[in-house]
There are 2 protein chains.
Amino acid sequence: MHTPSDRSLTSQKSDEKTVPHPLDGIFSPKSVAVVGVTNTPGTVPYDIFYNILSAGYQGTVFPVAPGKRSIAAVKAFRYVVDIPDDVDLAVIVFPADVVDRALEQCGQKGIKSVVVISAGFREVGVEGRKREQRLKSICGDYGISLVGPNCLGVINTDRKVHLNASFARKMPIAGRIAFLSQSGALCTAVLDYAREKQIGFSKFVSFGNKAGVTEIELIEYLHQDPKTDAVLLYLEEIREGRKLIEMARRVTHGDGAKPILAIKSGRTTQGADAAASHTGSLAGEDAVCDEIFREAGILRVNSIEELFNAAILYAYQPMSAGDRLAIVTNAGGPGVMATDAAVRGGISVPELGATTRTKLKAVLPAAANTKNPVDVIGDARADRYVAALEAVLDDPGIDQALVILTPQSMTDIEAIARGVVQTTQSATKPIACSFMGATDVVPGIHLLQSANIPHYILPEWACTAMAAVGRIRRWREEPLDQPEPLSVDQAAARAVIDAAGPGYLSEDQALVVLAAYGLPVPKHLLASTADEAAAFAGEIGYPVVLRVISPSIVHKSEWKALALDLTDDGAVRRAYDGMLSRVAAAAPDAAIRGVLVRRMIPAGHEVILGAKRDPAFGPVLMFGLGGLFVELFEDVTFGLAPISPASAARMIGQVKAGRLLRGLRGGEPADVTGVEQCLRRVGQLVGDFERIAELDINPLITGPARIGNTVADARIRLGG
Amino acid sequence: MHTPSDRSLTSQKSDEKTVPHPLDGIFSPKSVAVVGVTNTPGTVPYDIFYNILSAGYQGTVFPVAPGKRSIAAVKAFRYVVDIPDDVDLAVIVFPADVVDRALEQCGQKGIKSVVVISAGFREVGVEGRKREQRLKSICGDYGISLVGPNCLGVINTDRKVHLNASFARKMPIAGRIAFLSQSGALCTAVLDYAREKQIGFSKFVSFGNKAGVTEIELIEYLHQDPKTDAVLLYLEEIREGRKLIEMARRVTHGDGAKPILAIKSGRTTQGADAAASHTGSLAGEDAVCDEIFREAGILRVNSIEELFNAAILYAYQPMSAGDRLAIVTNAGGPGVMATDAAVRGGISVPELGATTRTKLKAVLPAAANTKNPVDVIGDARADRYVAALEAVLDDPGIDQALVILTPQSMTDIEAIARGVVQTTQSATKPIACSFMGATDVVPGIHLLQSANIPHYILPEWACTAMAAVGRIRRWREEPLDQPEPLSVDQAAARAVIDAAGPGYLSEDQALVVLAAYGLPVPKHLLASTADEAAAFAGEIGYPVVLRVISPSIVHKSEWKALALDLTDDGAVRRAYDGMLSRVAAAAPDAAIRGVLVRRMIPAGHEVILGAKRDPAFGPVLMFGLGGLFVELFEDVTFGLAPISPASAARMIGQVKAGRLLRGLRGGEPADVTGVEQCLRRVGQLVGDFERIAELDINPLITGPARIGNTVADARIRLGG
């Protein structure tokens, strides 16, 4: 396979090489050592070595196999340090308990890139965690970039490299899509699936336990990789959510933007403790992840099918300029079903222009339907398909086309496929096809796939893919701004927070903190006597609300410790005395801080503003419809705190509460700008104070602009 | 192919034959005439004849081909009347314009079953409609059951018949699923698709324009067909919705129940006129269809994939006793993804019992996961899969199992498939498989499919199929009762309705009609003077509400023609004068019927009760959350009127408004029984009076049982 002169050539090249990216050694090594190879075909250690050897790798590969003279006729070395040449990448396949020693030797040899295939680390419990920790520390000592452990390996289809450093059975074909997976087993299924659909990859990485290189660094590498147009990610566990999001926003937006399509699996059961506040109970990890991904331009999908359906359309067709779809079909039924699916996904199937319809009438038989979907009728042959497809693509009111074919007796399947391929060559709008069925249509499908025309067994899938690409496009069109700090009195908030222990602030304390951050807290006073309450009520004006403030009272409706709509001095005094005696009777030991007196808030819409600290993403904001309806409809959305003005507006815009605030059925619009400000202020607050574990403003009463917003009830929980 | 003696035998048999079902002639004819055959292979007329001839038909086939001596070496006849033998079924393939004459001759010949393949009828406009009408009238004259026109034909795989009277390229394999389609083109795609997945059919019918035999009669036939376990339906247009529903309730429930799985395509744009009432605007045909199908036990799905995924699980595995799923997998990732999909669909993936976990620990390696999903680990071979599968199937807390396989290097795919097949033979719980990938796993998949074990490319699809079968099971467990008429004063309602012209009843009239049907209408009076209003207010007690009643005022908030919460005589007089002068100023020509005075209704939840007449289904009821939220959340459901007690309860139970009424977060439960009664009374009302085109009670104010329900606002629109 290689000779001494070969090796020295490699070595020379290796000396000259400049490394513009730390992961180049993983993806484009000039030489690879496979460490721990055995001589038994069908085992992982042998297969990996043999895959590199046989898949056309353009560099040099060295087997490291203690006690073996050669592997597959290639001279073997006892240790990696024994290799006389420079080595860019080491792939370690030793059993888990000796991987650390092999890694140490890689460090000594000066190898900066390592893939650890071996399992038996973090995923197998305490002992494994220790082993993995040891690998991390060795990587730190030697500055090694490590992929794995517990992974399938790495593939680069670039013909200048052509490296299959994995135990995948076959090398995938080259293409414009990169696939990253936390699950190695899924990789084997995906490779098999993709081969059958002729889907090609640029890079294919199983990153396993991500002890060293994470999905974040991999995506950053792929962002600058000229061979990759789209990044597909299968993720089971988010460890550095905040960093992931910041990276994704850079990658998916602006110049050189590439879409990230992700499956994030693993719904978690909510701990009972989370139910203490609304924000806590609603901000389940999965729901938060959905929204946070959206806000970072990561397109989250539910299955492998959806992932590739969208990716092939994005990678192999021009980006559509809009969401208007024309359908050309030889069968009415599937055309209608496709229309249904398109509309469900937000893709419109509009009327065609008059010119287009005239053109269609000229080329189609009288019985054909020249509306959209265009029905070229069951006996249509290639000429009719091509003429119809060209006509709809020429329509300025159409952004993309879907060709549906059912195999009827007159259908010249391959000729139609060739016609579509030819039309695509001059087209500037994306085209997808669905040749329905499974066996008769196969030759046609292969023609389409070879020409990079996305093909879908079901027309509905094409429509779902178009909807997904539409989301990518709209995301790019949206502004991406930064949080803009507002003027706040941080010191006042700090005084309260620093003085308090873990747990809930009392309501009066919470109001002080919120007021310090400019949230619209109503005038209030903590009264200790009925006289004080009545005097303050007279000062701020009637009607007023009274509430007993006590750490023992969590839900305000308990023990009737709340009195609303008090309209005069007498009512205030009666309420004051009444509620205190009720509380005394129900909970004689309750510590009472006082009775909060504030003005009755004018009617308005009730919304909820919340924040909590997510284990992966850090401080997260929540917004939605408040009051009883927050539980009933869970009409809430999430965003990362602190939040930019555009993101705050987007949060409000994407829930139904936003529609309500903008004014429903002729109702007066509420102060949406004020709500945006509130969101930004809460975001700034939880961003500034790490001790705030949870915050609930429920409800914020939102009136028209002339009245504005008022915090009607608020709770803040501090961590330790 | 056949000899004179053959024919006479057939003819004799035909004489003896008793016809227990009118459609037996379509599906199990002893003899078939193909009318209009040509001698050109590759054309529909020839292909149909040749398909019957070559697919192993067990009866006798006669070509009718004027001017031809024989077709494919079979003696041809000039006209159908020239055939000396009895003919059970005629398949007409003549061009549209002569089909009527051929049909007439079939009648003369005494043929009672006819399939018209030819297109060119209802679907091509006015001329075609006339032609189709003519066919209908001939069928009426001769008592002919007609399938089509404009269809692909009929297939019966029963080996005693084995009839492919269609122009489908190949005969499907025999199976327990019947497929009915309004789209002929879809049939060709479905046949191709099913063949690749080894899905078999009992009957396969393309019913086209349904000029004679409709989907309703076909499903009734399949209900009593011992070869069919499940009915799959592709429907584009519902003509006799009410009849369809009544039939479906019989077929899908009780003894010999068979599920109906349906795709109903074709969302319709809502006419602007429908937006006049809430019920109108919300009860779009598609939303109504969703709910009405559910109420009839028809499982509506969105795609061909979903249709077959659910059907094969139902038809080829025992019905699960519950929704608890165990997953056995050799890869963590796909297991997690399957769990996600299961939970999304309402299928639980519970903890396994202690005994099961002990069993699993005994047979699996230490690193395996004995929780659910059970991870048998990447190097698992057949023995480990079988042991794990048997253990989870033995668990009394598990109702069904899913086996997931990813093709890893040690995976003995075929051995595992054989192991699963063997386990299934003694299992009483349903099992599904997902061997992921596309090429390596194919031999294993074929083994599973041959043993009727449902296989899904993606584990998520298996879970969606299980969710669908779960819905079928739960539907069967629900009671199916009949509407029970309540005591009402029909005459009083009739007096108002008969006296009124088309359009909206005035509110006072609407209240009379509703009160006559026992709906909780508050005490009210139509006052003509301020004195009268004040006197009545004193009589019924304060606070009261006043409203100007005028046909010119449609929305009550217009022109402030409404005054709430009037607490004394003076307030009533001021309000009366004020609102009349406002209306006079804004609309001097408005005809005023008077001012409605009624008591202010105590606070409660606002729900909407509506009814409208659907073109296909007749009178349809709507229920949901009222007030502003009806538009915001469209949390509404539909049911057929009149409605049974159980269905009324189901309607309330399946929307979020129902959860609100039952008492949210410790709130007092509302009078749900009263709301059920209201639904039944509205159902009875619109059932009794065909002239009621639309009815809206919005809101019905629903309080706790001691307060009950009150109609706060109501509108009734009459048709011509």
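What follows is a walk through a two-chain model, from the overall build of chain A to the contact between the chains.

The model is a predicted one, so a few ground rules apply: local features need pLDDT of at least 70 and side-chain atom pairs count only at pLDDT 80 or more, while totals for chains, interfaces and linings use all residues. Residues are numbered from 1 along each chain as its sequence is written, and chains are lettered from A and ligands numbered from 1 in the order in which they are written.

Chain A comes to 25 helices and 29 strands, these being DSSP runs numbered from the N terminus (H or I, at least four residues, for helices; E, at least two, for strands). Its C-alpha trace spans about 100 × 80 × 40 Å along the principal axes. Of its 720 residues, 54% count as buried; that word applies if 20 or more other C-beta atoms, placed from the backbone, lie within 10 Å of a residue's own (exposed is 12 or fewer, partly exposed in between). Contacts mean C-beta atoms, again placed from the backbone, within 7 Å. Among those in chain A between residues at least 6 apart in sequence, 71% join residues at least 24 apart.

Next comes the interior. The largest nonpolar core has 450 residues, and those touching the most other members are A:Val34, A:Val91, A:Ile92, B:Val34, B:Val91 and B:Ile92. A core of this kind is a set of buried Ala, Val, Leu, Ile, Met, Phe, Trp, Tyr and Cys residues joined through C-beta atoms within 7 Å. Beyond its neighbours within four places in sequence, A:Val34 has contacts that include A:Ile48, A:Phe49, A:Val61 and A:Val91.

A:Leu261, in strand S13 (residues 260-264) of chain A, is buried because 24 other C-beta atoms lie within 10 Å. Its C-alpha is 8.9 Å from that of A:Gly297, which is 36 residues away in sequence. Leaving aside neighbours within four places, the contacts of A:Leu261 include A:Ala230, A:Leu232, A:Leu299 and A:Val301.

Two helices of chain A, H4 (residues 96-109) and H5 (residues 126-142), pack at an angle of about 0 degrees with their axes 10 Å apart. The axes are lines fitted to C-alpha atoms over the stretch in contact, and angles run from 0 to 180 degrees between N-to-C directions. That makes H4(A) roughly parallel to H5(A), a label for angles under 35 degrees. Among the residues that meet are A:Val99 and A:Leu103 in H4(A), and A:Leu135 and A:Ile138 in H5(A). This contact divides into six nonpolar, one polar and five charged residues. Here Ala, Val, Leu, Ile, Met, Phe, Trp, Tyr, Cys and Pro count as nonpolar, Asp, Glu, Lys and Arg as charged, and the others, Gly among them, as polar.

Now for the two chains together. Chain B meets chain A through 57 of its residues, against 58 of chain A. The largest share of chain B's side, eight residues, comes from H6(B). By class, that side has 26 nonpolar, 16 polar and 15 charged residues.

A turn of 180 degrees and a shift of 0.0 Å along the axis lays chain B on chain A with an RMSD of 0.1 Å, which means a two-fold axis relates them. The superposition is by least squares on the C-alpha atoms of residues with pLDDT of at least 70 in both copies. In chain B, B:Phe633 has the C-alpha nearest the axis, 4.1 Å from it. Both copies use the same surface, with 100% of the contact residues of chain B recurring in chain A.

Definitions and conventions. Two residues are in contact if their C-beta atoms, placed from the backbone, lie within 7 Å. Angles under 35 degrees count as roughly parallel, over 145 as roughly antiparallel, 65 to 115 as roughly perpendicular and the rest as oblique.
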